[in-house]
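Open the model in your viewer and show it as a cartoon. The stops below give a selection each time, followed by what is found there.

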Amino acid sequence: MAYKTVNPFTNKEVKAFTSLTEQEVAEKIDQADACYKKWRRTDFATRRAVMKKAATIMRDNKAEFARLVTLEMGKLISDAEGEVDLTADIFDYYADNAEQFLAPEQLKPKDGRKAYVEHDSLGIILCVEPWNFPYYQLVRVAATNLMAGNVVMVKHASIVPQCAEAFEKLMLDAGAPKGAYTNLFVDSRNIAPIIQDHRIRGVAVTGSEKAGASVAGEAGKALKKSTMELGGSDAFIVLEDADLEKACEWGMWGRMNNTGQCCVAAKRFIVVESVADKFLAQITECFSKLKIGDPMDRSTTLGPLSSEDAAKEIAELTATAIQHGAKAVIGGKRPDHPGAFMEATILTNITKENPAFYREFFGPVLMFFRVPDEKAAIELANDSEFGLGGTVFSKDIKRAQHVASQIDTGMVFINRPTWTTPDLPFGGVKHSGYGRELSKEGILEFVNRKLIYIEN
């Protein structure tokens, strides 16, 4: 797929980019390998300085970094600015904590000898990243691996090439040597031979199930460590004792953040029958107030999807769901508006036989389910091939914790939707992938936990 910027608000092409040749890719791997041999020997102070400088540059140039995100994938400008802030925070977090996270772990063997585990770098880590958070997804792999002494090569999504270039320039401007962070404009079909190169020591993917399965298969054949952060269909459970005002407010944000194009967006709203009518009426009213418009305009509350193809796909999924018995309480189709837009939609009456039941709606479509009680809510939440995030709303925290412990997913948030901060581990189970990013867990994914044993 060609790399190009197409403004989803207008569907007009802005700029096209040339993909790398095989020879150019080979040269970049050579450069990354040469850089790694030096970078792995740098001290934490040197690495920390790069991270801190990158964070400063992002904050000082927030408007321009955010503008590129909104231009290329349609994120509301205020949300794009928030992503820039979060990205800078992650740089700072690993600058401040990586040395502690990677400090040797002292062991106490039963034989009385001395032993410890040290954390050594591995080499070049290849990362395949998506378009929905063009900087945040990159920093999750860049900050961790660079602080661990690895170097990173990234195949970013084809629809955000200017963001991809901006991030690579950011790392160079922050003082990272050439080869420490490398942007690769390559087609997905050309990823396999890169993975097979013996100097690639690990592979990280954030994306769809299909992409994850393909890349994980190639990594497995090459015996390379991999992490996968894939799709999600997060349950948003509202129990009968929930604060409905708070649940509606957070539910609106959890479903519509990034126009619903978020792997941990609240996608399946599971509400106990006794409060279902009231909650549905409240959140429908909230949906009705969303304003379609230019994502650069701060008064806009419903921007375009990332591309015309994305808008067509979500519209087709919605139409199929309705054809099989689902009811659109609000929305349900493409609006009469230029650009990659989809109406904010709430679907009810979705049976298990409906093709929509097990699908991930990556856009502004909320699936609403009624259940008789807590037990049924847990069963429905777990009736999914995905297991990334989830939410439980209840005024009784102990009860909510009990429910959360029974949900088969990587993350559960109580009384707010799933979200991300630098110090919380991020990842899922089942078809949502494996491995963790962020927190201490994230930096330990691609290191050699080497045992050192000392005979007295």
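**Stop 1: a parallel pair**

Select residues 124–128 and 151–155: these are strands β5 and β6, which pair in the parallel sense over 5 bridges. The model is a predicted one. For a single contact point within this pair, pick Ile124, whose bridge partner in β6 is Val151.

Keep β5 selected and colour by burial. Are its residues buried or exposed? The count is 5 of the 5 buried, so β5 is largely enclosed by the rest of the structure. The cover is on both faces: Ile124, Leu126 and Val128 are buried on one side, and Ile125 and Cys127 are buried on the other.

**Stop 2: the sheet around it**

Now extend the selection to the whole sheet. In what order do its 6 strands lie? The order is β7-β6-β5-β8-β9-β19, in an open sheet with mixed pairing. Next, go to the edges, which are β7 (181–183) and β19 (433–434). Each has a single partner strand, so one side of each is left without a neighbour in the sheet.

**Stop 3: Gly179**

From β7, move to the loop between α6 (161–173) and β7, and select Gly179. Gly179 is buried, with a relative accessible area of 3%. Which residues does Gly179 touch, leaving aside those up to four places away in sequence? They are Gln31, Ala32, Cys35 and Val151. Val151 was already selected at the first stop, as the bridge partner of Ile124.

With Gly179 still picked, add Glu441 and draw the C-alpha to C-alpha distance: the two are 25 Å apart in space and 262 residues apart in sequence.

**Stop 4: Leu438**

Go to the other edge strand and select Leu438, in the loop between β19 and α14 (439–443). The phi of Leu438 is near 70°, a positive value in a residue other than glycine. Is the Leu438 side of this loop buried or exposed at that residue? Leu438 has 0% relative accessibility and counts as buried.

**Stop 5: Asn349**

A second backbone angle to check is that of Asn349, which has a positive phi of about 55° although it is not a glycine. To find Asn349, select the loop between β13 (345–348) and β14 (365–371).

**Stop 6: β10 and β11**

Select residues 234–238, which are strand β10, together with β11; the two run parallel and are joined by 5 bridges. Within this pair, Val238 has Val271 of β11 as its bridge partner. Strand β11 covers residues 266–272, and 7 of its 7 residues are buried, so β11 is largely enclosed by the rest of the structure.

**Last stop: the whole chain**

Clear the selection and zoom out. The protein has 14 helices and 20 strands. Its radius of gyration is 23 Å, close to the 23 Å that the globule rule gives for 456 residues, so the protein is as compact as a globular protein of that length. Along the principal axes, the C-alpha trace spans about 70 × 60 × 40 Å.

Colour the full model by burial: buried residues make up 58% of the 456. Of the contacts with a separation of 6 or more, 72% are between residues 24 or more positions apart.

Finally, turn on the surface. The accessible area is about 18,900 Å², and 51% of that belongs to carbon and sulfur atoms. If you colour by charge, there are 56 positive and 62 negative charges, and their mean positions are 3 Å apart.

Notes
Residues are numbered from 1 along each chain as its sequence is written. This is a predicted model: local features need pLDDT of at least 70, side-chain atom pairs count only at pLDDT 80 or more; totals for chains, interfaces and linings use all residues. Side-chain values use heavy atoms; hydrogens and water are left out. Helices (H or I, at least four residues) and strands (E, at least two) are DSSP runs, numbered from the N terminus. The radius of gyration is taken over C-alpha atoms; the globule rule is 2.2 Å times the number of residues to the power 0.38. Buried means under 20% relative accessible area, exposed over 50%, partly exposed in between (1.4 Å probe, protein chains only). Contact means heavy atoms within 4.5 Å. Accessible areas come from the Shrake-Rupley method with a 1.4 Å probe; for residues, only the protein chains shown count as cover. Lys and Arg count as positive and Asp and Glu as negative; His and the chain ends are not counted. The place of a charge is taken as NZ of Lys, CZ of Arg, CG of Asp or CD of Glu. Two strands pair if DSSP finds at least two bridges between them.
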